[in-house]
Amino acid sequence: MYSFTIYKIQCLPITLLIYIYISSSFRRKTHTYIYIWRYLKESFLCEEPEFTYGEKSPSGPAHWGEITPEWRICSTGKSQSPINILDGRVIISPELGRLRKEHKASVNATLINNGHAMMLQWVNGGGNLFINQTSYQLKQCHWHSPSEHTINGRRFDLEIHLVHQTPDGKTAVIGLMYEIGLPDPFLSKLEKDIEALAHTKGIKKDVGIIDPNLINLGKNPQYYRYIGSLTTPPCNENVIWTIIKKVNTVSIKQVQLLKEAIQDEAKKNARPIQPTNNRLIKLFKPKA
């Protein structure tokens with residue numbers, strides 16, 4: 001699961017001071033000024049730390065917590081995601097109640113390829129998810145292939161994450177798995193836009209009104225609930241995860257389209273399974 005970062009903002013004061021210095025020192029040497037400023041702008045001072053999914057890469061999942069201090073919890077956290085969900089160990093919890101969401105049908109969205117995943121962002125929020133009297137606004141969704149979570153040890157072909165947040169930064173994510181079969185109607189609406197951004201990074205594309213209700217979660221689905229983390233750096237914990245038990249279908253073409261858009265040399269964007277560490281995993285099953 002991807003989250004917005006403030007890393008670039010943290011480097012801004014340093015760069016601003018250097019900018020003021022060089023602009024005064026080289027104000028009569030235009031070419032020198034431009035060269036130095038471009039170097040600073042593109043240097044490590046103002047670029048997010050990079051991570052990859054390569055198992056043997058020094059910036060791969062096993063080393064995310066070493067890349068920058070802000071990501072240390074990727075290595076030290078005890079409630080990390082994704083996890084393997086075992087039906088034999090879940091607790092049936094009717095008190096969870098039906099999945100309560102009110103996603104909006106008419107919402108403008110933008111699509112962005114961040115190099116690690118294709119992300120769809122709803123401009124003014126795509127509706128709300130309600131958990132324990134708290135309202136979480138739908139901010140964005142993105143895809144992982146293969147799936148990050150596994151169920152009874154099975155890894156699926158694709159997983160979508162619907163990321164919801166409160167104004168004070170609390171996060172709740174809905175995860176939905178896909179296996180190869182019929183095309184996914186939601187992805188079908190975005191195929192041309194995904195193709196257009198396949199070889200870009202950081203460029204946003206307005207895709208008009210995209211209805212999040214087209215993501216088929218089911219009318220009253222069974223779902224797992226547990227407390228975990230973001231599945232990408234900075235790996236912040238205390239994320240409420242809702243994993244839909246029902247598995248949807250996606251075509252081979254659609255999965256391949258998403259994979260080709262990834263600029264990671266590993267050509268996959270799924271974090272390895274993390275230790276459950278005796279966390280409680282609940283399952284809601286509607287009454288027959």
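Let's start with the nonpolar core. In this predicted model, the largest nonpolar core has 38 residues. Leu120, Trp122, Trp143, Ile160 and Phe186 have the most contacts inside that core. There is also a second, separate core, made of 15 residues, and Ile83, Val90, Val239 and Ile281 are among them. As background, nonpolar side chains in soluble globular proteins tend to be buried together.

Take Ile160 as an example. Which residues does Ile160 touch, if we leave out those up to four places away in sequence? There are Cys141, His142 and Trp143, then Ile174, Gly175, Leu176 and Tyr178, and finally Phe186 and Ile215.

Now the strands. Strand 10 covers residues 158-165, and strand 11 covers residues 171-180. The two run antiparallel and are joined by 8 bridges. Within this pairing, Glu159 in the one strand stands opposite Met177 in strand 11. Strand 10 and strand 11 form a hairpin with 5 residues between the strands, and in that hairpin Gly169 takes a positive phi near 90°.

Strand 11 has another partner, strand 14, which spans residues 237-250. Here the pairing is in the parallel sense, again over 8 bridges. Tyr178 stands opposite Asn248 of strand 14. Tyr178 also appeared earlier, as one of the residues that Ile160 touches.

Why do we call strand 11 largely enclosed by the rest of the structure? Because 8 of its 10 residues are buried, and buried here means under 20% relative accessible area.

For contrast, look at Gly153. Its place is in the loop between strand 8, residues 150-151, and strand 9, residues 154-155. Is Gly153 buried or exposed? Its relative accessible area is 53%, and the cut-off for exposed is over 50%, so Gly153 counts as exposed. The C-alpha atoms of Gly153 and Leu86 are separated by 7.5 Å, although these residues are 67 apart along the chain.

Last, the empty space. Rolling a probe the size of a water molecule over the atoms shows where such space is left. How many cavities of 30 Å³ or more does a search of the whole structure find? It finds 2. The largest cavity has a volume of about 40 Å³. Its lining consists of Ala117, Met118, Trp143, His144, Ser145, Leu158, Leu258, Ile262 and Asn269. By class, that is 6 nonpolar residues, 3 polar ones and no charged ones. Trp143 has come up before: this lining residue is also among those with the most contacts inside the largest core.

How values were computed:
Residues are numbered from 1 along each chain as its sequence is written. This is a predicted model: local features need pLDDT of at least 70, side-chain atom pairs count only at pLDDT 80 or more; totals for chains, interfaces and linings use all residues. Side-chain values use heavy atoms; hydrogens and water are left out. On a 1 Å grid over the protein atoms alone, a cavity is a set of points where a 1.4 Å probe fits but cannot get out, and a pocket is an open set with protein on both sides within 12 Å along at least five of seven lines; lining residues have an atom within 4 Å of a point. Grid points are joined across faces, edges and corners, and a volume is the space filled by probe spheres set on the points. Ala, Val, Leu, Ile, Met, Phe, Trp, Tyr, Cys and Pro count as nonpolar, Asp, Glu, Lys and Arg as charged, and the others, Gly among them, as polar. A nonpolar core is a set of buried Ala, Val, Leu, Ile, Met, Phe, Trp, Tyr and Cys residues joined through side-chain atoms within 4.5 Å. Buried means under 20% relative accessible area, exposed over 50%, partly exposed in between (1.4 Å probe, protein chains only). Contact means heavy atoms within 4.5 Å. Helices (H or I, at least four residues) and strands (E, at least two) are DSSP runs, numbered from the N terminus. Two strands pair if DSSP finds at least two bridges between them.
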